[in-house]
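Subject: Structure handover

Hello,

Please find the structure below, with notes on what came out of it. Keep it open while you read.

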Amino acid sequence: MANRYFNKEIETMSHSEKEVLQSERLVKMVKYVYDRVKPYREKMDAIKLKPSDIKSIKDIYKLPYTLKHDLRENYPFGMMAVPRKDLVRLHASSATTGKLTVAGYTQKDIDVWAECGARSLVMAGASENSVVHIAYGYGLFTGGLGIHYAAEKLGAVAVPVSSGNTARQIQLLKDFEADIICCTPSYAIYLAEQMQLMGIEIGKDIKLTGGLFGAEAWTDGMRKEIEQRLGLKARDIYGLSEIAGPGVACDCEFETGLHFQDDHYFPEIVDKDTLEPIGYDAEGELVITTLTKEGMPLIRYRTRDIASLSNAPCPCGRTSVKLNRVTGRSDDMLIIRGVNVFPSQVESTLLEFEGVEPHYHINVDRINNLDTMEIVVELSPSVKIDEVKTIEIMRKELAAKIASSISVSAKITLVSPGSIERSEHKAKRVTDLRKLK
Ligand code: DLL
């Protein structure tokens, strides 16, 4: 059996030892940013907080938050703690809204990120004997290069396919006999669909055993679907370019939550309205502090991701805090007639409903001052689109199921297989026409 851990000493460290390590690192980090990053010095001076007031990790709540806005205001290099000559790489976030946010990394930052990625690959069952097919995009997006360096660190073979050209992806998966695949969950479903159309036999032509899927919110229903269609174990990997790309947290085979690499990245959950820290198992906004980053350290960075943390032990022996599946970003939350709706809730319901596929798009509008929601979803290939009566019954049943699960009624439009645009990158699930009015 492959090794269970990439770095056993750290991954199974006792809570008390971890706390000592985190405290030492935080104290150093706060002094480091105070001395080197003007926006941090100004924020701390404004609340009369001195670096010496931070004595242990328990004092973290005294520190001010950092927002995406701070990164944009200081674009491109104002948040860096080292001169440009000491940076070895820049990435930028996908910026679905507004200006790009840039992240700079020193060589040590790249090494730490690769280490965390390697820990994640091991959680997906990879070893130095693995062939890792990397179908995340390479470029300013951190997915491709992030996993690439992680695979090399592990000593596995990295296959830098990047995104796109699905037929070639399938050919290479077959020819290179990859055992591990890394891509967005929505692309994994698309790949599986194409393999089926091409008559590829899972387990015979394709020998995948594990995968790291992330970069977008997805559900346990989607996990089962991917596992069944691709014949592998699907792990959930989390990350964000501002902190490091993929590998900030990842789940193991016990699926008890995503092990947060909390020797380097310290997580907190805060109430998204009051910003008061909240304890374990309650949902709120994820806030992350980098404990070792040199290039662009971030103190209490508000990620806008909605999640919860758990400190329940995991049978795998890893002792880190765990991140319960990110249900979505607060920016993605739709408010429909006063009710909060996440696209992931819609996804869960669709996956439980027989006869439709997890390919969907949500259209939101406001007509005569009333919010409207339409869910366009693909029928499974086994359902005949011309069976009008069957389709009408399905539509009504699905509408009732959606209304009871998300507490909002929605118009359901069933479309034929393949009609919803597939994404090679992060899937775009929502069009909110209210924002354009
Ligand atoms: O998406 C980094 C990444 C690449 C993670 C590949 C995992 C795999 P950004 O483009 O900066 O970085 O987007 C970060 O994506 O704040 C979340 O909203 C979302 N996200 C990332 N991973 C997950 C996940 C990369 N596993 C933003 N579940 C984050 C849910 C995720 N959302």
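Helices and strands here are DSSP runs, numbered from the N terminus, a helix having at least four residues. The model is a predicted one.

With that in hand, start at helix α8, residues 185-197. Just after α8 comes G199, which takes a positive phi of about 70 degrees. The helix has 13 residues and reaches 19 Å from its first C-alpha to its last, close to the 18 Å expected at 1.5 Å a residue. Because 11 of those 13 residues are buried, α8 is largely enclosed by the rest of the structure. The buried set consists of P185, S186, Y187, A188, I189, Y190, L191, A192, E193, Q194 and M195. Their cover includes the helices α7 (166-175) and α9 (220-230), along with the strands β5 (180-183), β6 (210-214) and β17.

Strand β17 also belongs to an open sheet of four strands, in the order β19-β18-β17-β20, with mixed pairing. At the edges are β19 (411-415) and β20 (430-432), each of which pairs on one side only. Direction ignored, neighbouring strands of this sheet are turned by 15 degrees against each other on average. Helix α10 (residues 343-352) packs on the sheet and touches β17 (356-367), β18 and β20. The direction of α10 makes about 135 degrees with that of β17. Another helix, α11 (residues 388-406), lies across β17, β18 and β19, and runs at about 135 degrees to β19. Within the sheet, β18 (residues 370-379) pairs with β19 in the parallel sense over five bridges. V376 is found opposite T413 of β19.

One residue of β17 to look at is D365. Its relative accessible area is 15%, and the cut-off for buried is under 20%, so D365 counts as buried. Leaving aside neighbours within four places in sequence, D365 is in contact with L370, D371, T372, L433, R434 and K437.

Next, a helix pair. Helix α5 (residues 107-123) packs against helix α6 (residues 142-154) at an angle of about 75 degrees, and their axes are 7 Å apart. That angle is why α5 is described as roughly perpendicular to α6. On the α5 side the contact is made by I110, D111, W113, A114, E115, G117, A118, L121 and V122, and on the α6 side by T142, G146, I147, Y149, A150, A151, K153 and L154. Sorted by class, this contact has 11 nonpolar, three polar and three charged residues.

There is also a pair of strands, β1 (residues 89-92) and β2, which run antiparallel and are joined by four bridges. L90 stands opposite G104 in β2. In a regular strand, side chains alternate between the two faces of the sheet. Strand β2 (residues 102-105) is covered on both faces: V102 and G104 are buried on one side, and A103 and Y105 are buried on the other.

Last is V287, in strand β12 (residues 284-290). What is its relative accessibility, and is V287 buried or exposed? The value is 0%, so V287 counts as buried. Apart from neighbours within four places in sequence, V287 is in contact with Y65, F266, P267, E268, V270, R300, Y301 and R302. V287 and L67 are 220 residues apart in sequence, while their C-alpha atoms are 9.9 Å apart in space.

Regards

Definitions and conventions. Residues are numbered from 1 along each chain as its sequence is written. This is a predicted model: local features need pLDDT of at least 70, side-chain atom pairs count only at pLDDT 80 or more; totals for chains, interfaces and linings use all residues. Side-chain values use heavy atoms; hydrogens and water are left out. Axes are lines fitted to C-alpha atoms, for helices over the stretch in contact, and angles run from 0 to 180 degrees between N-to-C directions. Helices (H or I, at least four residues) and strands (E, at least two) are DSSP runs, numbered from the N terminus. Angles under 35 degrees count as roughly parallel, over 145 as roughly antiparallel, 65 to 115 as roughly perpendicular and the rest as oblique. Contact means heavy atoms within 4.5 Å. Ala, Val, Leu, Ile, Met, Phe, Trp, Tyr, Cys and Pro count as nonpolar, Asp, Glu, Lys and Arg as charged, and the others, Gly among them, as polar. Two strands pair if DSSP finds at least two bridges between them. Buried means under 20% relative accessible area, exposed over 50%, partly exposed in between (1.4 Å probe, protein chains only). The expected span of a helix is 1.5 Å times one less than its number of residues.
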